[in-house]
Every structure is written in C-alpha cells, then in structure tokens.
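Trainee: I'd like to go through this one with you, asking how each label is earned. Can we start as soon as it's on screen?

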Amino acid sequence: FAMGSPLSTLREAIGESSDVQLGVGMKTCVEKQTKWQRVLPAHVKAVGLAGAVGVWSWKVSGPNKLFAVAIASVYSCIEYSFNWTLDGVGHTTWQQWVANVLYLPFGFPAYHALCAGFHPLCRVALFPLNIYFLEIVEGYAMMALYDGINPAWIYKTKDAFCHGNCRTFYAPFWLGMGAVVTAISEVALKGTWNLEVALRR
C-alpha cells in the first residue's frame with residue numbers, strides 16, 4: 001500500500017483542517033502574520049539583543065553553553081519533524097534556535113531551583129507552566145524585535161493565548177516533555193541542569 005496513505009489519514013484526522021487541529025499549518029501561520037506599528041526603535045532593539053548575548057556569554061559556563069546548543073538543536077529537529085508529520089510541511093527557524101540557546105541556561109535551572117523540594121510527579125505536572133513561560137518570554141522578545149511578528153511560531157487556534165505565543169491544547173505534550181526532563185534530571189544529573197556537576201561525577 002502507498003506509504004503516503006497513513007500520513008494522509010493522520011493529517012485528515014488531527015491536522016489543520018480537522019476539528020482537533022493538532023497540526024496548525026505552522027509555516028503558513030508564521031508567514032501570514034501582519035506587523036504592528038514599530039514596537040521599539042532600532043537602536044533599542046540592538047542594545048537589548050547585544051545585552052542578552054553579553055549576559056549569556058559572561059554568565060553561562062562553557063559546558064552549559066554546549067548543553068544549550070545541543071538541546072536547542074535536538075528540539076529544532078523535533079519541531080521540524082512534528083510539523084512535517086501533521087502539516088506535510090516541515091517548519092523550524094534559526095530565530096527559535098537562537099532564542100532557545102539564550103534562554104535555556106537561565107530558564108530551566110530557575111524552574112528546577114523553584115521546584116527543587118517538590119515530588120518528581122509534581123514537577124512533571126507543573127512543567128507546562130515552565131514551557132508557557134518560555135513561550136511568553138521568547139515569543140514577546142521576538143515580537144519586540146520583529147515589530148509584532150513572531151518569526152518562529154504562532155498559534156491561530158481558539159485555545160491560543162498571549163497573542164498566539166501559547167496554546168492550551170498542547171499541555172499534554174509539555175507534560176510528556178516534563179516527564180522526560182524530570183527523568184533525566186533525577187537519574188543522570190541528580191536534580192540539577194548544571195552539566196559541569198554531571199561531568200565531575
């Protein structure tokens with residue numbers, strides 16, 4: 001039987017044109033965004049971006065920089081495959097990769113520090129909030145740089161919030177990611193995202 005048939009059936013069942021809308025036609029949604037009036041002057045954008053890169057370069061250790069690059073690269077592959085499977089068109093962007101590289105060494109350790117005393121199952125249950133915070137920070141940062149456009153992702157579904165940067169319906173996927181992250185944290189890194197600690201063991 002044709003190799004495309006199962007994928008076609010899947011896309012019809014849960015893709016952009018279905019009632020479920022697990023797939024959202026991400027590439028098209030991103031390309032059809034309309035710019036707002038200029039959010040920030042160009043020099044303010046340049047200073048803000050340079051400041052973010054400067055803090056990352058100064059505060060993040062070499063091993064944790066490599067860790068962030070690796071995780072951001074893996075996520076880009078997952079995102080491209082996810083969109084291709086559901087929409088028939090792969091989609092990921094260099095802007096999201098850069099945003100993840102800059103954010104991960106700060107955002108995820110902060111989350112684990114806040115939840116350090118919680119039961120692992122509780123950390124998994126709260127993980128979608130961690131992802132929503134990432135989407136809000138990265139999404140609005142890119143919107144500030146691109147005059148209201150998020151060049152990486154945007155949700156146009158009814159359950160979208162924060163100007164399309166987040167989607168309620170994806171919470172189960174973030175729970176699954178939280179289970180994986182928590183398992184790695186518990187087993188491999190002993191509850192910390194600091195790679196240097198892991199390498200010393």
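Mentor: Sure. This is a predicted model, and a handy place to begin is aspartate 147, with a relative accessibility of 15%.

Trainee: What makes aspartate 147 count as buried?

Mentor: Buried means under 20% relative accessible area. Aspartate 147 has 15%, so it counts as buried. You'll find aspartate 147 in the loop between α6 and β1 (160–161).

Trainee: What is unusual about the phi of aspartate 147?

Mentor: Phi is positive there, about 55°, although aspartate 147 is not a glycine. Most residues other than glycine have a negative phi. Histidine 163 also has a positive phi, near 55°, and isn't glycine either.

Trainee: Is histidine 163 buried or exposed, and how do you know?

Mentor: The cut-off for exposed is over 50%. Histidine 163 has a relative accessible area of 54%, so it is exposed. Look for histidine 163 in the loop between β1 and β2 (166–167).

Trainee: Now the helices. Why is α4 called oblique to α5?

Mentor: Helix α4 (residues 62–87) and helix α5 (residues 94–114) pack at about 140°, with axes 8 Å apart. Over 145 degrees would count as roughly antiparallel, and 65 to 115 as roughly perpendicular. An angle of about 140° fits neither range, so α4 is oblique to α5. The crossing of these two helices is right-handed.

Trainee: Which residues of α4 and α5 make that contact?

Mentor: On the α4 side they include Asn64, Ala68, Ala72 and Glu79, and on the α5 side Trp97, Val101 and Pro105 are among them. The residues of this contact divide into 9 nonpolar, 5 polar and 1 charged.

Trainee: How do you know that alanine 72 of α4 is buried?

Mentor: The relative accessible area of alanine 72 is 0%, and buried means under 20%, so it is buried. Leaving out residues up to four places away in sequence, alanine 72 touches Trp97, Asn100, Val101 and Leu104.

Trainee: And asparagine 83, what makes that one buried?

Mentor: Here the value is 5%, set against the limit of under 20%, so asparagine 83 counts as buried. Asparagine 83 sits in helix α4. Beyond four places in sequence, asparagine 83 is in contact with Met26, Gly88, Val89, Gly90 and His91.

Trainee: Why are α3 and α5 oblique to each other?

Mentor: Helix α3 (residues 42–59) packs with α5 at about 50°, their axes 10 Å apart. Roughly parallel needs under 35 degrees, and roughly perpendicular runs from 65 to 115. About 50° lies outside both, so α3 and α5 are oblique. This crossing is left-handed. Ala52, Val53, Val55, Trp56 and Lys59 of α3 meet Val101, Leu102, Pro105 and Phe106 of α5. That contact has 8 nonpolar residues, no polar and 1 charged.

Trainee: How do you know that glycine 139 is buried?

Mentor: Glycine 139 has a relative accessible area of 0%, under the 20% limit, so it is buried. Glycine 139 belongs to helix α6 (residues 120–145). Not counting neighbours within four places in sequence, glycine 139 contacts Leu134, Asn150, Trp153 and Asn165.

Trainee: Where does pLDDT stay under 50?

Mentor: Over residues 195–201. Where pLDDT is low, the predicted coordinates should not be read in detail. For the protein chain, mean pLDDT is 88, and 91% of the residues reach 70 or more.

Note on methods. Residues numbered from 1 in each chain as written. Predicted model: local features only at pLDDT ≥ 70, side-chain atom pairs only at ≥ 80, totals over all residues. Heavy atoms only, no water. Axes fitted to C-alpha atoms, helices over the stretch in contact; angles between N-to-C directions. Helix = DSSP H or I, 4+ residues; strand = E, 2+ residues; numbered from the N terminus. Left-handed = near helix turned anticlockwise from the far one by under 90°. Contact = heavy atoms within 4.5 Å. Nonpolar A, V, L, I, M, F, W, Y, C, P; charged D, E, K, R; others polar. Buried < 20%, exposed > 50% of the residue type's maximum accessible area, 1.4 Å probe, protein only. pLDDT = per-residue confidence, 0-100.
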